[in-house]
Amino acid sequence: MSGNIELLGDTLAKAKAENRAALIAYLPAGFPTVDGGIAAIKAVFDGGADVVEVGLPHSDPVLDGPVIQTADDIALRGGVKIADVMRTVREAHEATGKPVLVMTYWNPIDRYGIERFTEELAAAGGAGCILPDLPVQESSVWREHADKHGLATVFVVAPSSKDDRLATITAAGSGFVYAASLMGVTGTRESVGEQAADLVRRTRATSDLPVCVGLGVSNATQAKEVAVFADGVIVGSAFVKRILDADGDEAAGLAAVRELAAELAEGVRRVS
């Protein structure tokens, strides 16, 4: 079975045709429970997200800040497995028909088996993977299997990336390029940073892939700011925080993430 890389491409192209940025949300699988996480993703889609990244919880999420670390810890203590991640992708995609990716560190895939992981992700209707810590020069085997199964390989670029390095990364990637708006870990911030616009410009000079910006976006004002220069706006910690703030009240958590998605969706559409 083939994955949904084409659906991802069509979704991003549709947003561009509507003169707006796509809204890409992130939520970890198994948080606050497996069923609760699936419901939260559906709520985010209901609110207006175009794409969702499902996080594969990791015991040492070195690129993530305290909010996502807390969510990962809850999911892992709840016993979340890769099978639950695949189920989350499947049920979210089947319920909405929208593209769902997995965002994961490399070690779980390496231990699970590349062929097994890509085959199961494609069978679940997944659109691809975001791999923040897989070096491009070591990615050929992954990319071979991802291509075979119709899955996007999304790499992360940062403001520190030199132009020649950007060209190497974008040549190997597919789906879109994840542009980290600043140096550091994930989390909400007061300002997204001027470095993001320059990074998008430099990345576009190397590739026709859409460039989507993440790290630090948490409200409609910031989403609008980023939507002016990026093809997609990625939001993670702000959604996770809404669920954490609900303090176990599932209905309140779902309402909160749906509301935030609606606010952000309005923000990415107010492109001047």
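A residue counts as partly exposed when its relative accessible area lies between the buried limit of under 20% and the exposed limit of over 50%. All views below show a predicted model.

**Figure 1. Ala255 in helix α12, with Gly47 as its partner in space.** Ala255 belongs to helix α12. Its relative accessible area is 41%, so Ala255 is classed as partly exposed. Between Ala255 and Gly47 the sequence separation is 208 residues, whereas their C-alpha atoms are 9.3 Å apart.

**Figure 2. The aromatic cluster of Trp106, Tyr112, Phe117 and Trp142.** Ring pairs join these four residues into a cluster, and the structure as a whole holds three aromatic pairs. In one of them, Tyr112 and Phe117 meet edge-to-face, with 6.2 Å from centre to centre and 90° between the planes. Both Tyr112 and Phe117 are buried. The pair of Phe117 and Trp142 is tilted, because the ring centres are 6.3 Å apart and the planes stand at 55°. This second pair connects distant parts of the chain: Phe117 lies in helix α6 (residues 114-123) and Trp142 in helix α7 (residues 140-148), with their positions 25 residues apart in sequence. Trp142 is buried, as is Phe117.

**Figure 3. Arg116 over the ring of Tyr112.** The charged end of Arg116 is placed over the Tyr112 ring, at 3.8 Å from the ring centre. Tyr112 itself is buried and is also the edge-to-face partner of Phe117.

**Figure 4. Helix α3 and its buried side.** The end C-alpha atoms of α3 are 16 Å apart; this agrees with the expected span, because 12 residues at 1.5 Å a residue should also give 16 Å. Ile68, Ala71, Asp72 and Ala75 are the buried residues shown in this helix. They cover an arc of only 100° around the axis and therefore lie on the same side of α3. The packing partners of the buried residues are β1 and α11. On the face turned away from the buried side, α3 carries the exposed residues Pro66 and Arg77. After the helix comes Gly79, which has a positive phi near 85°.

**Figure 5. Lys81 in the loop between α3 and α4.** The loop that holds Lys81 runs between α3 (66-77) and α4 (82-96). Lys81 has a relative accessible area of 56% and is therefore exposed. From Lys81 to Trp106 the C-alpha to C-alpha distance is 15 Å, and the two residues are 25 apart in sequence. Trp106 is also a member of the aromatic cluster.

**Figure 6. The cis peptide bond between Phe31 and Pro32.** The bond that joins Phe31 to Pro32 is cis, with omega at about 0°. Pro32 is located in the loop between β1 (22-28) and α2 (34-47).

**Figure 7. Positive phi at Asn19 and Asp247.** Although Asn19 is not a glycine, its phi is positive, at about 60°. Asn19 occupies the loop between α1 (5-17) and β1, and its relative accessibility of 54% means that Asn19 counts as exposed. Asp247, likewise not a glycine, has a positive phi of about 55°. Asp247 is placed in the loop between α11 (237-245) and α12 (250-269). With a relative accessible area of 70%, Asp247 is exposed.

Methods: Residues numbered from 1 in each chain as written. Predicted model: local features only at pLDDT ≥ 70, side-chain atom pairs only at ≥ 80, totals over all residues. Heavy atoms only, no water. Helix = DSSP H or I, 4+ residues; strand = E, 2+ residues; numbered from the N terminus. Buried < 20%, exposed > 50% of the residue type's maximum accessible area, 1.4 Å probe, protein only. Expected span 1.5 Å × (residues − 1). Arc of directions from axis to C-beta. Contact = heavy atoms within 4.5 Å. Phe/Tyr/Trp six-rings, centres within 6.5 Å; stacked < 30°, edge-to-face > 60°. Lys NZ or Arg CZ within 6 Å of the ring centre and 35° of its normal.
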